[in-house]
Amino acid sequence: MDFGGFRALSGASLDIAQGEIIGLIGPNGAGKSTFFNCLVGDLRPSGGRVLLNEHDVTRASPEVHARLGIGRSFQVPATFEDLTILENVMVGAFLRHSRVREARESARRVLELTGLDALADHKAKSLGTPGRKRLEIARVLATEPKLMLLDEALAGLTPVEVQQAIELVRRIHRSGITLVIVEHVMEVILTLAERVVVFNQGRVIARGTPTEVVNDEAVIDAYLGHSHARRHGKHA
Amino acid sequence: MRRAGWVVLAAVLLLFPLSFDNPYYEQLGSLVLLAAISASAWNLIGGYAGQVSVGNAVFFGAGAYMPLLFYKLWQVSPLLGFPAGIAVSLVIAVVIGIPTLRLSGHYFSMATIAVAELIRIVVSNWDFVGAAIGLTGPATPRGWWDLVFRSSVPYYYMFLAVLVALVAITYGIQRSRFGYYLRAIRGGERAARSLGVPVSRYKLYAFMLSATFTSLAGSLYVVKFGFIDPGSAFGILVSVNMVLIAALGGAGRLFGPLLGAAILIPLQTETNNLFGGGGTGLTYILYGGIIVLIARFEPGGLLEMWERLRAKRGSRAA
């Protein structure tokens, strides 16, 4: 994937099996988000393919991705500010329920699951960052995805909020949804992901279980730094 | 309370022309309704979907020209030109909508201005449609089907019927998936796409529906006034009027355009009366002032301001 003359990604690949939680990590500018946006149809890669159950979706639009069951959140929350929280989620629910009443019922269930039900009739703009990130996840859930890609959905949260968010992600995973999580916060990846893929300068430099990855020399050099390795990896 | 509001509104609209027996007010009432129709039509694409078209005069003009063109060519009732105006408007909406609706924000607005000005210039120089002078309808009616009445009252009720139909359709849209999708598009196209909203298609639908009713407004205008020229059909003020009226009352709100029209049209008429023909420049100054005030203080329009004040009073009472 090139931006002008800049090669943001090259030769990066990823296989996702059903029911997995995969973490994508890497320093700023490593190509995580670019890779992510290629997967969800927001960017069209200059080379390579995206396959979903053997179907080529490389050139499919974001709305087709959504219909096929690939949902995504945004790094900077993109909630519909003038709509209420319930209405935000209903927009997602309309993908599978064309009738307003059914969409509303489905949206209410999602709000309950995500703990937003008490705020249903407030405008989205009344929420703070944690609420917005939660609403984004709720909206995607309402589209009833098989695969959910979360782009730094936990960044900028306080430790307590991170714990709540991790709980939510676990609950989503238990309901049978496959997850790809792009995260900066190492702790999140280590607690949640079963498999981790590490990006650096547009390439995948390591992949494996969280333990394998934090002990990988290339990862320590590129990203974690040796002090972090001492604190986490070597003891693990 | 809510039902009482509806009854009062319906009573005022139905009885307005009967309560004055004064041609000036009858005329004013019909102008308010006509402006409310075209602003409500604009509201579908500009308000609900958030795509600020400043070229809806194209549809108004097509709707205004077709009935008189039909009359000129075949001496038939102007009524037969109504569907022709809608058909032409739909074709234009699709032809200019498919490329321009891909543009976002200001680029779409600028593209619509450009198209409207282009068509105004072409029509001004095209003898077939009367060039700069325009077209004239039947002076004396050959029957009711020519829709020529001396009084404004029949026009008033004609316009009211169309406005009611349009508001009813808009109400239905607002409560359906279509309406939710339009508001989602307004809230953020990228996010809407990611949730499976076919953004381009829905924007085009809204634009086509907007074109249909704007064209109808143009046709109604022309049967009332009996003549049309390029400036009053395709001029930029025609487009700006629709935007301004809807934004003043409340863009993306069911009754925003009606409220905006009820304020702006009498204001316009009064300034024109006060300053006569020399007052046209003043109209621009008035518009400029209103645009600045709305943009700076009440981007949501008067209805939103009212709701906010009411909510504040309610919370204070509680």
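Two strands pair if DSSP finds at least two bridges between them. Keep that in mind for the close-ups below, all taken from a predicted model.

**View 1. Strand 7 and strand 8 of chain A lie side by side in the parallel sense.** Strand 7 covers residues 147-151, and its pairing with strand 8 runs over 5 bridges. To find your place, look for Leu147(A), which stands opposite Thr178(A) of strand 8.

**View 2. Strand 8 of chain A is covered on both faces.** Let's stay with strand 8 and look at its surroundings. Since 5 of its 5 residues are buried, strand 8 is largely enclosed by the rest of the structure. In a regular strand the side chains alternate between the two faces of the sheet. Here, one side carries Thr178(A), Val180(A) and Val182(A), while Leu179(A) and Ile181(A) are on the other.

**View 3. Strand 3 of chain A pairs with strand 8 and also with strand 9.** Strand 3 takes in residues 21-25, and 5 of its 5 residues are buried. Ile21(A), Gly23(A) and Ile25(A) belong to one side, and Ile22(A) and Leu24(A) to the other, with both sides covered. Strand 3 meets strand 8 (residues 178-182) in the parallel sense over 4 bridges. Two bridge partners help you trace this pairing: Ile21(A) goes with Leu179(A), and Leu24(A) goes with Val182(A). With strand 9 (residues 195-200), strand 3 is again parallel, over 4 bridges. There, Gly23(A) has Val196(A) as its bridge partner.

**View 4. Chain A and chain B meet in a contact that draws on residues from both chains.** How many residues does each chain bring to the contact? Chain A gives 23 and chain B gives 17. On the chain A side, helix 2 (62-68) and helix 3 (85-93) each supply at least two residues. The residues on that side of chain A are 12 nonpolar, 4 polar and 7 charged.

**View 5. Chain B has 14 helices and 2 strands.** Its radius of gyration is 20 Å, close to the 20 Å that the globule rule gives for 318 residues, so chain B is as compact as a globular protein of that length. The C-alpha trace of chain B spans about 60 × 50 × 35 Å along its principal axes, and 48% of the chain's 318 residues count as buried. Among contacts in chain B between residues at least 6 apart in sequence, 76% join residues at least 24 apart.

**View 6. Helix 2 of chain B bends along its way.** This helix has 26 residues, 23-48, and reaches 35 Å from its first C-alpha to its last, close to the 38 Å expected. Where does helix 2 of chain B bend? The place is Trp42(B), and the bend is about 40 degrees. Most of the helix is covered, with 22 of its 26 residues buried. Just after the helix comes Gly50(B), with a positive phi of about 70 degrees.

**View 7. Helix 11 of chain B is mostly covered.** At 1.5 Å a residue, its 14 residues (236-249) should span 20 Å, which agrees with the 20 Å between its end C-alpha atoms. Is the helix mostly covered or mostly uncovered? It is mostly covered, as 11 of its 14 residues are buried. Among them are Val238(B), Met242(B), Ile245(B) and Leu248(B). Just after the helix, Gly250(B) takes a positive phi of about 145 degrees.

Methods
Residues numbered from 1 in each chain as written. Chains lettered and ligands numbered in written order. Predicted model: local features only at pLDDT ≥ 70, side-chain atom pairs only at ≥ 80, totals over all residues. Expected span 1.5 Å × (residues − 1). Bend = angle between axes of the 7 residues up to and from the residue. Buried ≥ 20, exposed ≤ 12 C-beta atoms within 10 Å, placed from the backbone. Contact = placed C-beta atoms within 7 Å. Nonpolar A, V, L, I, M, F, W, Y, C, P; charged D, E, K, R; others polar. Rg over C-alpha atoms; globule rule 2.2 N^0.38 Å.
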